[in-house]
Amino acid sequence: MLLLYFIVPFKCKNLVLLAASLFFYFYGEPIYTVLMLATILSSYLHGILIDKFRGTVWSKVFLWTSVITSIGALGFFKYSDFFIKNVNSLFKTDFALLGLALPIGISFYTFQTLSYTIDVYRGDAKVQKSPIRLATYVALFPQLIAGPIVRYTTVEEELSHRTHSFENFGYGVTRFIIGLSKKVLIADTLGALARTVHGMEEATVAAYWIYAVAVSLQLYFDFSGYSDMAIGLGRIFGFHFLENFNYPFISKSIAEFWRRWHMSLGTWFRDYVYIPLGGNRVSKWRWLFNTLVVWFLTGFWHGADWTFIIWGLFFAMFLMLEKFALNKFFAKLPRVFSHIYVIIAILISFVIFSADGLSGALADLGAMFGAGGIPLWSDETAYYFGSYAVVILAAILGATPLVKNAVLKMKETRVGSVVCDILEPVFAVVMLMVVTAYFVDGSFSPFLYFRF
């Protein structure tokens, strides 16, 4: 496919990409390919109608039918059983669960199609009259199943005109290998550590904090690794996707953390939910309401479970506390204290995020703080900590910009620039060989965000 893409004329490149993307999705989700095509068709027709009736009430009507259609499909496939379970629990009924399989990537491509029709309505994007170009945007395989959420306006021009070069190709390949390495070598290893210490027969406080560190860094390297791969593949084909992560663990506040973590989701909710609700240019009570709505939806977007909702509201609580008290409090202290506060809050949040239901979340959090009189430390804890210490240290270092900054500093000198130009492709080849060895050994697990 890659060879075919580069040898066909430009007018055929989108068709080749679309065919490859549909085959890619069909290979994993044969039945739900029809659902994705229906979503694309709905978005295409709604965009045409919104533009045709611009300036009339019908334009808004078609905007709302687009939103209802897209959110309706997402809600039916992702949240039906969640609502049925809660109705059964609340009213003591016995409605049967639907047992629907979650279409891969539906949370991502639904938000992408919504951004298209909303932006067309607002006049921020021109209506796309080519169904092939719009379908290519929605189905584009590099970011189809786990993001980042690529706005139509980001790639609008590149769908019609984009540049291909050896420089873009080389950057894309290197970025893809880095992302794959983050996933296979770090995220999967931390996942193994998390499962091991969480399943220890002799639970300890230290083991649960190691678990918290492991799952938090696993989520980061797993999802940022996929984003790197998507950005790299996109660049190979001439697309410039926006960054999705910017070293979130160096943040000094929860607000800053969410400006750095899953940035495509955060900006989506900001632009299409928070600001339309009034943003922060409203009364204090209205702002509190807006914040709760956005973070309830942010949590619920991640999964059909109360743990995700609590996770979202957990961040809403800290954003409120920061606005009215914590920012002023930490401004009087050395920065290290605000950083420690953020790290602890993040670790607790991702324990909730990763828990098996609310009861599991409460049990895990209780164990982190010694509930039930569990011991602080044990020989088994020491063994696993020592066995994984190098990986943990590498993950912590990799979650900071220290390595990146050191490389950039080297490139400022003539000799350093030459050395980096030589070592970068060598490093990429070595990483690819190591990752391939892991694949041969069977040491690979699916990306965590595939389930969202």
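**Exercise 1. Is Y247 buried or exposed, and what is the sign of its phi?**

Step 1. Take the accessibility. Y247 has a relative accessible area of 19%, so it counts as buried (under 20% relative accessible area; exposed is over 50%, partly exposed in between; 1.4 Å probe, protein chains only).
Step 2. Note the origin of the values. The model is predicted: local features need pLDDT of at least 70, side-chain atom pairs count only at pLDDT 80 or more, and totals for chains, interfaces and linings use all residues. Residues are numbered from 1 along each chain as its sequence is written, and side-chain values use heavy atoms, with hydrogens and water left out.
Step 3. Place the residue. Y247 sits in the loop between α9 and α10. Helices here are DSSP runs (H or I, at least four residues), numbered from the N terminus.
Step 4. Read the backbone. Phi of Y247 is positive, about 50°, although the residue is not a glycine. Most residues other than glycine have a negative phi.

**Exercise 2. Carry out the analysis for K92.**

Step 1. Phi of K92 is positive, about 60°, and K92 is not a glycine either.
Step 2. K92 belongs to the loop between α4 (57-91) and α5.
Step 3. Relative accessibility is 72%, so K92 counts as exposed.

**Exercise 3. Describe how helix α11 is enclosed.**

Step 1. Count the buried residues. Helix α11 spans residues 263-274, and nine of its 12 residues are buried, so the rest of the structure largely encloses it.
Step 2. Name them. They are M263, S264, L265, W268, F269, D271, Y272, V273 and Y274.
Step 3. Find the cover. It includes α5 (106-122), α10 (254-260) and α12 (284-302).

**Exercise 4. Characterise the packing of α5 on α11.**

Step 1. Recall the descriptors. Two packed helices are described by the angle between their axes and the distance between the axes.
Step 2. Apply them. The axes of α5 and α11 come within 12 Å and cross at roughly 35°. Axes are lines fitted to C-alpha atoms, for helices over the stretch in contact, and angles run from 0 to 180 degrees between N-to-C directions.
Step 3. Assign the hand. The crossing of α5 and α11 is left-handed (the near helix is turned anticlockwise from the far one by less than a right angle).
Step 4. List the partners. From α5, F111, L114, S115, I118, D119 and R122 meet L265, W268, F269, D271 and Y272 of α11. Contact means heavy atoms within 4.5 Å.
Step 5. Sort by class. The contact of α5 with α11 has seven nonpolar, one polar and three charged residues. Ala, Val, Leu, Ile, Met, Phe, Trp, Tyr, Cys and Pro count as nonpolar, Asp, Glu, Lys and Arg as charged, and the others, Gly among them, as polar.

**Exercise 5. Which polar contacts do the side chains of S107, S216 and Y32 make?**

Step 1. S107 lies in α5. Its relative accessibility is 0%, so S107 counts as buried. A polar contact of 2.6 Å joins its side chain to that of K78 (N or O atoms within 3.5 Å, one able to donate a hydrogen and the other to accept it; residues adjacent in sequence count only if both atoms are side-chain atoms).
Step 2. S216 lies in α9 (residues 205-236). At 1% relative accessibility, S216 is buried. A polar side-chain atom of S216 is 2.8 Å from the backbone oxygen of A212. Beyond its neighbours within four places in sequence, S216 contacts F249, I346, L347 and F350.
Step 3. Y32 is in α3 (residues 32-52). Its side chain reaches the backbone oxygen of A101 at 2.9 Å.

Technical notes. Helix = DSSP H or I, 4+ residues; strand = E, 2+ residues; numbered from the N terminus.
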